[in-house]
Amino acid sequence: MTSFILRGFGLYAPEKVLTNADLEKIVDTSDEWITTRTGIKERHVAAEGEASSDMAFESSKQALAEAGIDPSELTHILCATFTPDSMIPSAACRLQEKFGITGQMCMDVAAACSGFLYALQTARGLLCLEPKAKILVVASEVVTRRMNWEDRATCVLFGDASGAAVLTAGEPGDGPEVLDIMLAADGSLGDLLTVNGGGSAYSYKLGEAVGPEYFVEFQGREVFKHAVRSMTDISEAILERNGLAKSDVDVLLPHQANYRIIDAVGRRFDIPEERVFSNIHKYGNTSASAIPVALAEAVHTGFIKPGNLVLIPAFGGGFTWGAALIRF
Ligand code: ACO
């Protein structure tokens, strides 16, 4: 085992776009408020019946094609999501079914917005056990299905999307190399950001209407504060662990939750705005999908160039957080 190589990237966003002007017709909000507080201008919304595995199928096909890997060669499918098609089966199993393949280890990874980094780290661990593995690491979120469209404080922030990548073992120089990942969590802060409904702590009776607990609920200011601090601290830690300085980072590609969070992390790292990747204006917060969608876009548009050192901090419900270092 020498290196962990990302072989291909893919992204998918549903066709339907909901602009801030559209939202003005649904809740008491304004384009001005949403833009200045979050940087979001529009977001994609899944079609009726479109589930996480449908979107994952699209982004994964792209990633596999770019990697030159046939779905039948896959050994594992890891899907980061808090919005799987169903409690059982997992979105990963549904995705496997869509590819018409069987036998792979298929598993969903639940770490909210940090899910893609959690899944990628799991994939690295699996590769240590099975160096010949070819692992599809995908994130897919239909967050809008868990939106309370009467709550203006939450429903303007999120969107639906899927992003994917394929991880295999290889030699340095074979392709983008995952140099390191650090992950953390603090369950004592879990109540600050929740989707409680559907969980086993809640009892439902047949025919009973769902309450607000079924939807995303959070304390925005607290989440904001912890997100900036945790992403900054873990980014400093991963650089130190790898003997790197802030000035070694070519591109900062953070989780896309709010442009003000992205900007605050960028400032703490003295990284000029033009080297901080953000596409939140087009997608909103797509939870676990935000990082792989951003990665796919940054690679395909040439924002990330060969040789670049990319620092990827993430933060989400749990609380969970982490950082990855990738050398392209
Ligand atoms: N349109 C208009 N007004 C609004 C809206 C809206 N959509 N939402 C809230 N307001 C009002 C509030 O009611 C409040 O009014 P009041 O002062 O009369 O009470 C006012 O705007 C200010 O509200 P705040 O919550 O203080 O606004 P803030 O500047 O903190 O921004 C936001 C809120 C955008 C949610 C911010 O706190 C944030 O981005 N937090 C972190 C993001 C987050 O929680 N994401 C959840 C996922 S976790 C993750 O991905 C990291």
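This is a tour of a predicted model, one selection at a time.

**The whole chain**

Start with everything shown as a cartoon. The protein has ten helices and 13 strands. Its radius of gyration is 19 Å, close to the 20 Å that the globule rule gives for 328 residues, so the protein is as compact as a globular protein of that length. Along the principal axes, the C-alpha trace spans about 55 × 45 × 35 Å. Of the 328 residues, 48% are buried. Now consider contacts between residues at least 6 apart in sequence: 77% of them join residues at least 24 apart.

**The two domains**

Select residues 3–173 and give them one colour; this is domain 1. Then select 178–327, which is domain 2, and give it another. The centres of the two domains, taken over C-alpha atoms, are 14 Å apart.

How many residues of each domain are in contact with the other? On the domain 1 side there are 45, and on the domain 2 side 41. To see where the domain 1 side comes from, select β1 (3–12), β3 (42–45), α5 (115–129), β6 (134–141), α6 (152–155) and β7 (161–170), each of which supplies at least two residues. Helix α5 gives the most, with seven residues. By class, this side of domain 1 has 24 nonpolar, 14 polar and seven charged residues.

**Between β7 and β8**

Select G173, in the loop between β7 and β8. Is G173 buried or exposed? It has 9 C-beta neighbours inside 10 Å, so it counts as exposed. Add F328 to the selection: G173 and F328 are 155 residues apart along the chain, yet their C-alpha atoms are separated by 8.6 Å.

**Helix α7**

Select residues 220–241. This is helix α7, with 22 residues. From its first C-alpha to its last it reaches 31 Å, close to the 32 Å expected at 1.5 Å a residue.

Show side chains for the buried residues of α7: V223, A227, V228, S230, M231, I234, S235, I238 and L239. As you look at the spacing of these positions, recall a general point. An α-helix has 3.6 residues a turn, so residues three or four places apart point the same way.

What do the buried residues of α7 pack against? Their partners are strands β8 (177–185), β9 (193–194), β10 (217–218), β12 (309–316) and β13 (320–327), along with helix α8 (259–268). Past the end of α7, select G243, where phi is positive, near 65°.

**Around the ligand**

Next, look at the shell around the ligand, which holds 22 residues. Those that come nearest are T29, G220, V223, A257 and N258. The elements that give two or more residues to the shell are α2 (31–38), α6, α7 and β12. Which element gives the largest share? Helix α7 does, with five residues. Colour the shell by class and you should find 13 nonpolar, six polar and three charged residues. Colour it by domain instead, and each of domain 1 and domain 2 supplies at least three residues.

**Helix α10**

Select residues 290–300. Nine of the eleven residues in this helix, α10, are buried. They are A290, I291, P292, V293, A294, L295, A296, A298 and V299. These buried residues pack against β1, α5, β6, β7, α9 (280–283) and β12. Just after the helix comes G302, with a positive phi of about 85°.

**Some backbone details**

The last stops concern backbone angles. Most residues other than glycine have a negative phi, and most peptide bonds are trans.

Select S287, in the loop between α9 and α10. Its phi is positive, near 55°, although S287 is a residue other than glycine. With 33 C-beta neighbours inside 10 Å, S287 counts as buried.

Move to A112, in the loop between β5 (105–109) and α5. A112 is not a glycine, but has a positive phi of about 50°. It has 25 C-beta neighbours inside 10 Å and therefore counts as buried.

For the peptide bonds, select I88 and P89. The bond from I88 to P89 is cis, with omega near 0°, and P89 is found in the loop between β4 (76–80) and α4 (91–99). Finish with G318 and F319. The bond joining G318 to F319 is also cis, with omega near -15°, and F319 is found in the loop between β12 and β13.

Note on methods
Residues are numbered from 1 along each chain as its sequence is written. This is a predicted model: local features need pLDDT of at least 70, side-chain atom pairs count only at pLDDT 80 or more; totals for chains, interfaces and linings use all residues. Domain bounds come from an automatic or database domain assignment. Two residues are in contact if their C-beta atoms, placed from the backbone, lie within 7 Å. Helices (H or I, at least four residues) and strands (E, at least two) are DSSP runs, numbered from the N terminus. Ala, Val, Leu, Ile, Met, Phe, Trp, Tyr, Cys and Pro count as nonpolar, Asp, Glu, Lys and Arg as charged, and the others, Gly among them, as polar. The expected span of a helix is 1.5 Å times one less than its number of residues. A residue is buried if 20 or more other C-beta atoms lie within 10 Å of its own, exposed if 12 or fewer, and partly exposed in between; C-beta atoms are placed from the backbone. The radius of gyration is taken over C-alpha atoms; the globule rule is 2.2 Å times the number of residues to the power 0.38. A residue is near a molecule or strand if its C-beta atom, placed from the backbone, lies within 6 Å of it.
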